[in-house]
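Dear colleague,

I am handing over the structure below, and after it I set out what I found on going through its strands. Please read the notes with the structure open beside them.

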Amino acid sequence: MSGSASRYPFTPYPDGWYYIAASKDLAPGEVKPLRCLGRDLVLFRSGSGEAVVFDAHCPHLGAHLGVGGKVEGDSLRCPFHGWRFGAEDGSCVEVPYRTRGRLPNAGLRRWRVDERSGLILVWHSDAGTEPDWHMRDFDEYESDAWLGYVTRAWKIRMHVQELAENVPDRAHFQVVHGVPAVPDTPIRIDGPVYYQTTQIPGEGGQDWVIARQELWGLGLIWLYSGGEPEVLFVVATTPIDEEYCEVTQLLLVKDEWGTGEIPGETLGRIDAIFDQTEADVPIWENKVYRERPLLVEDDGPLPELRRWARQFYPEQRQA
Ligand code: FES
Ligand SMILES: [Fe+2]
């Protein structure tokens with residue numbers, strides 16, 4: 001057992017959609033090796049433009065299709081002996097040197113992929129169940145009024161749930177992120193989505209809204225902030241293995257300038273936003289998970305978030 005197995009009392013791979021690549025980083029015909037969810041996978045874009053994910057290792061003699069594999073139309077050819085696998089279901093469609101016998105009735109496991117708002121997402125379920133929800137579209141990505149994504153990524157020693165727990169944890173906003181007071185955090189839960197408004201009550205009933213957050217499962221945290229600059233970003237957390245997650249922050253910024261480009265000064269402010277995410281990293285990497293935390297009344301809706309999160313752990317759902 002690795003260290004993290006004792007750090008957290010649940011599977012490192014809860015059910016849900018996980019980010020694996022940005023759409024713009026996968027051109028037609030491109031092939032990428034992936035290491036995530038405790039597995040080796042291959043991601044490619046087929047000739048018809050679809051993003052496809054297979055298990056990485058060839059059923060023949062085990063080559064990694066993500067290292068030297070070639071896209072041919074709607075199929076992927078292995079770099080070792082040239083067997084070809086159809087994008088549709090991963091089955092073997094050609095053994096190029098075969099002169100007799102049948103094609104082997106074998107193939108590569110194909111993963112459910114959803115590509116929206118510039119994100120390539122893969123569905124994971126420990127029990128192998130099909131997705132019963134999808135992340136919504138964020139139209140700002142397609143809109144000319146918004147620029148980006150601007151991206152920063154980290155490899156962090158923690159469980160994917162830590163990032164989700166950061167959202168209701170309103171007391172830490174003041175200590176870690178320099179928010180001037182402990183905000184109010186009204187929430188709404190709708191199936192796999194947790195909505196929160198993070199706001200500081202002001203004079204005369206006017207709240208100062210810091211952020212609106214939407215959690216689509218544990219791996220996709222969207223945040224809108226109407227500050228300077230106006231930004232919409234997703235913090236996408238994907239478990240790599242039992243110990244580490246890859247965290248990618250992809251940020252859209254409202255084009256206030258009409259130039260189609262982000263001025264240097266604003267890039268500096270965006271860096272400061274990324275630095276805020278980074279400020280949590282040493283805490284996440286070294287904390288333990290308290291199943292029964294010692295909470296005070298002002299700690300925020302962490303119990304509600306944990307109750308919501310149970311749906312992503314089938315073993316807890318049945319309990
Ligand atoms: S290992 Fe893939 S074709 Fe032989
Ligand atoms: Fe934080």
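This is a predicted model, and I would begin with strand β4, which covers residues 51–55 and has 4 of its 5 residues buried, so that the strand is largely enclosed by the rest of the structure. Buried here means under 20% relative accessible area.

As for the partners of β4, strand β3, at residues 39–45, is joined to β4 by 5 bridges, and the two run antiparallel. Within that pairing L43 stands opposite V53 of β4. The hairpin of β3 and β4 has 5 residues between the strands, and in this hairpin G49 takes a positive phi near 95°. Strand β9, made up of residues 110–111, also pairs with β4, in the antiparallel sense and over 2 bridges. V53, which faces L43 in the pairing with β3, has W111 as its bridge partner in β9.

Elsewhere in the chain there is an open sheet of 4 strands, whose order is β5-β6-β7-β8 and whose pairing is antiparallel. Its edge strands, each of which pairs on one side only, are β5 at 70–72 and β8 at 92–94. From one strand to the next, the twist averages 35°. Looking at one pairing in this sheet, strand β7, which spans residues 84–86, is joined to β8 by 2 bridges, with the two strands running antiparallel. There F85 stands opposite C92 in β8.

With best wishes

Notes
Residues are numbered from 1 along each chain as its sequence is written. Chains are lettered from A and ligands numbered from 1 in the order in which they are written. This is a predicted model: local features need pLDDT of at least 70, side-chain atom pairs count only at pLDDT 80 or more; totals for chains, interfaces and linings use all residues. Side-chain values use heavy atoms; hydrogens and water are left out. Two strands pair if DSSP finds at least two bridges between them. Axes are lines fitted to C-alpha atoms, for helices over the stretch in contact, and angles run from 0 to 180 degrees between N-to-C directions. Buried means under 20% relative accessible area, exposed over 50%, partly exposed in between (1.4 Å probe, protein chains only).
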